[in-house]
There are 2 protein chains.
Amino acid sequence: MSDIPFSLDQLRILKAIAEEGSFKRAADSLFVSQPAISLQIQNLEKQLAVPLFDRGGRKAQLTEAGNLLLAYGEKIITLCQETCRAIEDLQNLQGGTLIVGASQTTGTYLLPRMIGLFHQKYPYVSVQLQVHSTRRTSWAVANGQVDLAIIGGEVPLELQEILEIIPYTEDELALILPPNHPLAEQETIVRDDLYNLNYITLDSQSTIRKVLDQVLTRCQINTSELKIEMELNSIEAIKNAVQSGLGASFVSVTAIEKELKMGIIHRAHIQGVEIQRTLSVIVNSNRYRSKASEAFIKEILPQFCSENHLASLDRLSKKNKDSFTQDKKIIIES
Amino acid sequence: MSDIPFSLDQLRILKAIAEEGSFKRAADSLFVSQPAISLQIQNLEKQLAVPLFDRGGRKAQLTEAGNLLLAYGEKIITLCQETCRAIEDLQNLQGGTLIVGASQTTGTYLLPRMIGLFHQKYPYVSVQLQVHSTRRTSWAVANGQVDLAIIGGEVPLELQEILEIIPYTEDELALILPPNHPLAEQETIVRDDLYNLNYITLDSQSTIRKVLDQVLTRCQINTSELKIEMELNSIEAIKNAVQSGLGASFVSVTAIEKELKMGIIHRAHIQGVEIQRTLSVIVNSNRYRSKASEAFIKEILPQFCSENHLASLDRLSKKNKDSFTQDKKIIIES
DNA sequence: ATTAAATATTGATAAAATTTATGTCAGATA
DNA sequence: TATCTGACATAAATTTTATCAATATTTAAT
């Protein structure tokens, strides 16, 4: 009966091709030869009796059926990985993997500290950190590719039902200036000073930009009048640019601790303006929660959580659904 | 990286054992020998480094890990079966997407009717209509972003080799006037009358403008002497403007059926001048043609095709690359 | 026309799964 | 206790499948 006309390997190959964009690179990423890929895909196409790629000689593009299979294949692979981890966890916490997602700022300055602590406690659990946009991170959590994430922006509307979103702590954004900037002399600066600065920022799609827009607008600052001199895609790069006197920027205070101490960047205080955003932890409560992620939530997260949010974090750590482990006892006997 | 330590076959074996209650009967139900089952389970246990059965000689009982894997395995198998069904459905036109491209006029007045018919016949296929310039539409077909398109202008030179361009039907452009315009009284008007009108047109890059220029020039009308009063970017807007007495315009007769019937727009006939353009179907024969687009070409297009072009349309529908149906050579030999 | 990049093809080889035949073991039978 | 039996394990041979190296084909770019 119900023969399945494809193998997991074939699905993984398909996924690799989609990710790498070519048979050859997929072959490299899977550490096999290119013909192996070609042949597996050909077998797959034969078995399904559907072409999966449009071969235009130089590049191969997924057909509609190919895309469909890819989408399902990714789901299947994710489920298989979840299976592996469930079994690993069953053994103990002497192995397994924890995958944490984060956005630029939290991923660079907050999570490394957390992961360090976790690693000290559970040295046999391998931890992965994936830094992506809020949007992509949210989807990764929803799909189960990531166990939990800490983000600073809004979760896409379509995921707000699915994900557990727990306010976690406040992140303060600071205006930073080169230390030799005239305004750096003053104790505080005033709103109008903001219009005379040149800014270096992340790209306009970034969460920090969106949050900044919102908060500044609320403080009666017209963000469209701020002169943006340069857009860079890394916070470290921005800091270097500011330090070199190229302009001002807004960054999380957690990102500039070192630089402030060394006096190579100046933090300006704006009279009557305080820019805060709330960082949130997101998890997918409908999925199996691994022992490792349970431990992270219970033992690491509280150490960095602001007090007013500790209660909701605690509630989360109690909400682990024991998915579907014991709903079937099968005993083989005569 | 993420190697999956089990195969779908192994999961199916595990499931069969659970269902049948013994290795031997599982073997029978899967039409393989009993050792095959034993070995596969042993491999599985080796790869997962977990015993799945408690062997007590006569009977084998699932361990906790075995139960866990079984529960996940069943989920995975179900998802795989769903995948098969989705792909089968796509073949049988019980799903999938058809993307049709068109220019303003055809997209507004011709294609909606076609798509309506198609949708009646294949309600589970979702149809998308993309209205763009001839140029952009042509590229979309070349890239495979659009399955097929109907256009009124010239395909860019660099794509003429790649695309199949099939003359499809003639579209007549009519001069339209406000019904209370003095010229609307006359049975026909003469060429020189054209120079005394104010025109409302699409922008000068539009296909209709280019075609119009060509055809009118061929009729010895100096298009640069025609007074263009206004450029609008929608045909509906143009009709409304003409109707309100703002000027004259040239539009496809298919665009003004309703208005003529209601008498709110007047169509003027110019003595000795008939403005026609040829609409063409374009497809990319080098790409896999989805079942849905095949059906559209075979069953919908002919209904709106002018007779003199039916033959070439028919030729097109036979030119589908039967990709890999024919390579199932079965050779019988010793 | 030539080159370069990407995929397909081929024939040899290695790896894996399956089979047949046989071995082992626990418990039922006598 | 000895023996039989049903259920799984093991071994060697066989078949099937996957992989590789080498090479051909195709096509886009120069």
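In the predicted model, B:Phe118 and B:Phe296 are both buried. The rings of these two residues form an aromatic pair of the tilted kind, with 5.5 Å from centre to centre and an angle of 55° between the planes. The pair links distant parts of the chain, since B:Phe118 belongs to helix 5 (residues 104-121) of chain B and B:Phe296 to helix 10 (residues 291-300) of chain B, with the two positions 178 residues apart in sequence. In chain A, ring pairs join A:Phe118, A:Tyr122 and A:Phe296 into a cluster.

Over all chains, the count of aromatic pairs comes to eight. One of them is formed by A:Phe23 and A:Phe53, whose ring centres are 5.2 Å apart and whose planes stand at 75°, an angle over the limit of 60 degrees, so the pair is classed as edge-to-face. Because A:Phe23 is part of helix 2 (residues 23-29) of chain A while A:Phe53 is part of strand 1 (residues 53-55) of chain A, the pair ties together parts that are 30 residues apart in sequence. A:Phe23 counts as buried at a relative accessibility of 15%, and A:Phe53, with a relative accessible area of 5%, is likewise buried.

Helix 5 of chain B, which carries B:Phe118, comprises 18 residues and spans 25 Å from its first C-alpha to its last, a value close to the 26 Å expected at 1.5 Å a residue. A kink of about 45° is nevertheless found in this helix at B:Leu111, shortly before the proline B:Pro112. The kink residue B:Leu111 is itself among the buried residues of helix 5 of chain B, which also include B:Thr105, B:Thr106, B:Gly107, B:Tyr109 and B:Leu110 ahead of it, and B:Met114, B:Ile115 and B:Phe118 further along. In an α-helix there are 3.6 residues a turn, so residues three or four places apart point the same way.

Turning to the interface, the contact between the chains draws on 45 residues from chain A and 51 residues from chain B. About 4,600 Å² is buried between chain A and chain B, and 69% of this area lies on carbon and sulfur atoms. Two salt bridges are counted between chain A and chain B; in one salt bridge, the side chain of B:Arg12 meets that of A:Asp3 at an N to O distance of 2.8 Å.

Technical notes: Residues are numbered from 1 along each chain as its sequence is written. Chains are lettered from A and ligands numbered from 1 in the order in which they are written. This is a predicted model: local features need pLDDT of at least 70, side-chain atom pairs count only at pLDDT 80 or more; totals for chains, interfaces and linings use all residues. Side-chain values use heavy atoms; hydrogens and water are left out. Rings of Phe, Tyr and Trp (its six-membered ring) pair if their centres lie within 6.5 Å; planes under 30 degrees apart count as stacked, over 60 as edge-to-face and the rest as tilted. Helices (H or I, at least four residues) and strands (E, at least two) are DSSP runs, numbered from the N terminus. Buried means under 20% relative accessible area, exposed over 50%, partly exposed in between (1.4 Å probe, protein chains only). The expected span of a helix is 1.5 Å times one less than its number of residues. The bend at a residue is the angle between axes fitted to the seven residues ending there and the seven starting there. Contact means heavy atoms within 4.5 Å. Buried area is the accessible area (1.4 Å probe) that two parts lose on being put together, summed over both. A salt bridge is a side-chain nitrogen of Lys or Arg within 4 Å of a carboxyl oxygen of Asp or Glu.
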